[in-house]
Every structure is written in C-alpha cells, then in structure tokens.
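I opened this model to look at its packing. My notes follow.

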Amino acid sequence: MEEPLTSPIPKKVLAPPNVFRRAAENPVILKELRGRMRGRRAFIVLTAYLVLLGLLVCTVYGFIAQQSSTSPSDPSTRQLAGKVVFSSVILFEFLLIGFIGPALTAGAITSEREHQTYDLLRTTLLSARSLVFGKLSSACMYLLLLILTAVPIEALAFLLGGIGLEELLVSGLMLVVDTLFFCALGLFCSSFTKRTLTATVTSYAIILLSVLVLGIATFLLVAFTSYYSSSGSSWSITFLTGTMWLMSATNPFSAAIVSEIFLIQDQALFLVKVPLSGQTLISTLYLPSPWILHVGLYLVLTALMVLISILFVRRPDR
Amino acid sequence: MSTIVEIQGLNKQFGRRKAVDDVNLTVESGEIFGLVGPNGAGKTTTMRMLVTLLKPDKGEIRVGGYSVRKAPRDVRRQIGFMPDFFGVYGDLTVYEYLDFFGACYTIPAAQRPGLIKDLLDLVDIGSRRDDMVDTLSRGLKQRLGLARVLIHDPNVLVLDEPASGLDPRARVEIRELLLEVAHLGKTIIFSSHILADVAELCTRVAIMEGGRLVAAGALDELTRQMVPHRLLRISLLKEVDAAHAQAVLAARPGVSAVRLQEGLGHADRLSLEADFIGEDAALHDLLQALLAQGLPVVQFSEDTQNLEEVFMRATRGIVS
C-alpha cells in the first residue's frame, strides 16, 4: 500500500498560532456578538451612522464646491475636496469612537453584576483574562465594523484625488488603536465600579478631564514657548517644544491634524523637522511624527488598562 | 463513602458582624446534604466561600481534596453552583445559553451538541431549545439553571434555595429532578427554607443560626436527639365523645400528650394529635388497642414534619 501523502510543511507551522486559536475559542466573544447583532438595534445604529456620514460628506463637498473660485471639476478643487472629505470622515470617526467606545464597554463587567450573571461566570473555568479580552474584542469588532462600512464613503475621496495610500494606512492604524483605547477605558472603569451608570460617567469624565487638562496645558505651553523664544535658554526652548510635541500626540484630533500638516508641507511621514524659535544651539529638532507617538502612547495605556482590569476581575470578593 | 467536602474552622466577618463563626462540617460523596437556618444565618456566605466566590477570613475548605485558597480553579472544576437569585442572558436561546457555559467549562465544541441535548432531555425542556431564555417561566429557568450546573459533569452541586419562588408543581418537579441527579452519583448540597423539601430529600442536614452551626447529622439522628417523641395524627368519626377519645388515647403506654385539633381537617371528623415515644411495633399495638376499645379510627398517621420541630428547638430565633 502506498504511504499517505504528507505535507512538506511542518505541522507546527501549519497550525494557527496558539493566541489566535485561543481567541477564536473565547466563548465570551461569540456570546457578546450574538447578543449585539441580534434584533434590529445593531442595524438601526449602522444605518443611522452611515446616513449621518453621508450627509456630512455631501455637506462638506457642497461647501467646498460652492466656496471654490474655480469650477468643481477643476483638478485643484477636486483634490482639495477629496482631502477635506477624507479628513472630515476620519475626524467624524474619531469622534464616534470617543463617544461610542466607552458606551459599549462601560457595562461590560457591571452589567454582569447588575443582571446577576457575574457569579455564574466566576464559578466557571473562564479566566479573568478571557472574560476581559472577550468583552474588549467583541466591542472593538462592532466598532471596527462601523468603521469598515464607512470605507466606500472614504473611497469617494480617492475618486476626487488628493489622498495618498500613506494617509489611508496611517488613519486606519490610528482608528484601530483608538478603538482599542476607548473600549479599554470603558472596560477599565467597569472593572472597578459596581454600577454601569457610574462606570459610564467615570469614563466620560476621564475623557473630558484629559481633553480639558491637556488642552489647557497645551495652551500654556504654547504661551511659554512664545515667551521664552526670545529670552529662554536653548534647553528650555527645546524642552518646551518637545513637550508641546508630546501633548499634540495625546489627542487623536491634534495628532492627525499636525501629522497631516507635516505630510503636506514636508512629505514627512515618519520623521518630521520641527524648527526651534529663539536662540538655540540647534535650529531644527527631528522628532517622530505625532501619529507615531499617539499610536505608541495609546497602545501602552490600553495595555495598562487591560492588565489592571484583569487584576480587578480576578480578585475574589472580600 | 468518602468525604468530598471538608470545612474546618471557617470564619467570615463583614465589618463588626460575624457572618460565619467557626463552622466545621463534612459532606460525604453521594449525599444530599441540607443546610437550613433562618435568614442571616450564614448559609449563603458559607456556600459562597465553598464555591470560591468569597475569601474566608480563617479556616479551610477542601472540595475533592483541593483547597479553595490554593487551588480555586480545581475546586471550580468539581462544583456546579446555582445561587438563589441568578440572571439569564435574555438575548440567547436555551441552546446557546448552555453552549456558552459549556464553552466556559472548556468542553470541546464537538461534544457540546450531544451533551446539551441530553441535559435538556434530563430537565425536560427539550421542546424549548430554540426559544429565547427570557421567555421561559421562573420554573423553567430554574430547570435550565440545573442543566447549566450539570454541563461539566461536576462531582458536587451547590444549590442555594433551588425551589425559591416556585409554585407547588414546579417545586415538586425540581425535587424529583434533584433525586434523579442524586441517583447519577452527584453530591448535592442545598440550602432551603422549605423544610418539607429538606426532610424529603436530605440524607443529612446542618442547622445554622447567627453564623454558627447549631446542629448537624442524619435527620433521624437529629430528630431522636431533639424531638424524642413521634407526632401522631389521629382522626375519628365525630359521633365519638372527644373527652372520652382523648382519655383512652392518653391512657395508652407511650402516649405523653394528647391535643384536640379544633377546626382542622374534615368537618365530620374529630382530629387529635398525640406525642408518642416508642418503636413501630408499639405504634401498631396502639392502633390495635384503640380499635379494640371501639374508637372509630378513620386516619392514623405519623407526622414527618419533625424537621420543623427540630429546627424550632435547635434555633433561638436569632437573626443576624
């Protein structure tokens, strides 16, 4: 009898990595997605979101076409329209993620407590890690579904021109990372509070405070930098400029806008040249583009929040 | 029978209140063990520590040899827990609900369909397989809860008030289900306020009050210790004189007290209650003697609600 054919590829390579297999076997993901996509609610939300986005795009395009001194079919007008439409869609999606992300996960753990299903879960073999990752993954999947359904609308910007592949990839990466971050924030608040309302309010309070605090800090930094540009030491100006740079990365809006400005001006995607004002030893500072800082910072914070959430969920009642 | 659950020196305090105070008890494999006590006695707290939901302040609990402190995951593998109040996932069907918990217990996906079918047949809700869980009545949800705790074939079921809030028919059905589950070799530990259920089902009981264990043992042993007499209910036709009937009964050996039950039972019968000390043979002699004395006996039975008496004597009405 002939020997059965064997694959030349070793089985270890053929088998999916353990982490993917474990993710696919996470029962919480399937359960959450079943619940979320059942009924009309998910499709109503999706439809409303796409209608709003469509209206936004039409309004922006109409405004550009009306305000332009040349005809709407003129290449420069079209390119400008394409850029503005794309930017509007992306910024709208950042807003969406910031609002909906925490709302999707603020009840992740607290709703289990409120519906008296938490004890049932905790007495199974489901680990705290699986529960947290399951809740986070299912919420992120739903948000990413919303973002993905907007791709045909974003594609309009390509038809108009003015958008490169690098902008698409960077904005896509930022959207994914921000989705993770804002969902993790809601989940983090849910893990240490007792009620969904408290977790939701805490999440939005953190977002609001950070926007306010960082916004005020950025304003002060700009003021200090301007003040010190003529009289300050080289190190203080460098330090202030660097800090301001870091601040711009804390907010997805500022990170996206500043990165785009440098991409348009200097075609700089990864490393940008920041001119230093005043009397400094060096006239230019080379810094990573704000989107890189933003992605790195948000990923680190996401990892921290997820880790702490797991620790909170893991501990038994005292 | 081997010991499957061992509780030693268990203590739990919430602020100044001692919820569980130095509880020691063991449960043998295959037993149906009842935990009774007034509200606030510490039953639920004890159960929650047993199923690893709550950390004991002092003492140790072992399930199947595994410590709840050192090997909680191994303990969870051994137990199935049904709390007194539990929610369900209303956006899942009955099948999906069990499938989810099966997955939580790491039961391979290929095995789950057959297992779920068997469980649904056992608890008799197979016809509701594709219905949403929140459309089930309370009784059916309780049965679904029972299916859920059995999904990973645990050795020990820990049920907190499994018949709570159920109508009489549903209570009977749950009781029969528990008996069926016990015949599968499972050890069942359950708490209940319904002493009739505990008396009917349990091989051993423990009575808690104010966080302390006040009595524990086989039911007939406890009854002999605390309620040495047997409670007899005797009904006679109304034609007989009540005082004469009471006097005849009270004069018999073994009868320590006779009480007339006014307004109970049939209108055309005389109902008497008597405290009796003696074995079954003496009980037979008593019945023969009453009939020989010409008393028109229409009912002669022993009241098995002795657990109520045991409970009332063991506890002092302390609510913590």
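Which residues have the most contacts inside the largest nonpolar core? I looked them up: B:Tyr97, B:Leu159 and B:Ile188. The core holds 116 residues. I kept in mind that this is a predicted model.

Next I checked which helix gives the most to this core. I found helix α10 of chain A, residues 165–192, with 12 residues.

I then took B:Leu159 and set aside its neighbours within four places in sequence. B:Leu159 is in contact with B:Met47, B:Met82, B:Leu146, B:Val149 and B:Leu178. The list goes on with a run, B:Ile188, B:Ile189, B:Phe190 and B:Ser191.

Another core lies apart from the largest one. I noted 28 residues there, among them B:Leu10, B:Ala41, B:Leu54 and B:Val158.

I moved to helix α10 of chain B, residues 280–292. I tested its length. With 13 residues at 1.5 Å a residue, the helix should span 18 Å. Its end C-alpha atoms are 18 Å apart, which agrees.

Which residues of α10(B) are buried? I listed B:Leu283, B:Leu286, B:Ala289 and B:Leu290. Seen down the axis of α10(B), the buried residues fall within an arc of 120°, so they line one face of the helix. On the other side, B:Asp280, B:Ala281 and B:Ala292 are exposed.

What do the buried residues of α10(B) pack against? I found four strands and one helix of chain B: β11 (230–237), β12 (255–260), β13 (269–276), β14 (297–302) and α9 (242–251).

Last, I looked just past the helix. B:Gly294, just after α10(B), takes a positive phi of about 85°.

Conventions:
Residues numbered from 1 in each chain as written. Chains lettered and ligands numbered in written order. Predicted model: local features only at pLDDT ≥ 70, side-chain atom pairs only at ≥ 80, totals over all residues. Heavy atoms only, no water. Core = buried A, V, L, I, M, F, W, Y, C linked by side-chain atoms within 4.5 Å. Buried < 20%, exposed > 50% of the residue type's maximum accessible area, 1.4 Å probe, protein only. Helix = DSSP H or I, 4+ residues; strand = E, 2+ residues; numbered from the N terminus. Contact = heavy atoms within 4.5 Å. Expected span 1.5 Å × (residues − 1). Arc of directions from axis to C-beta.
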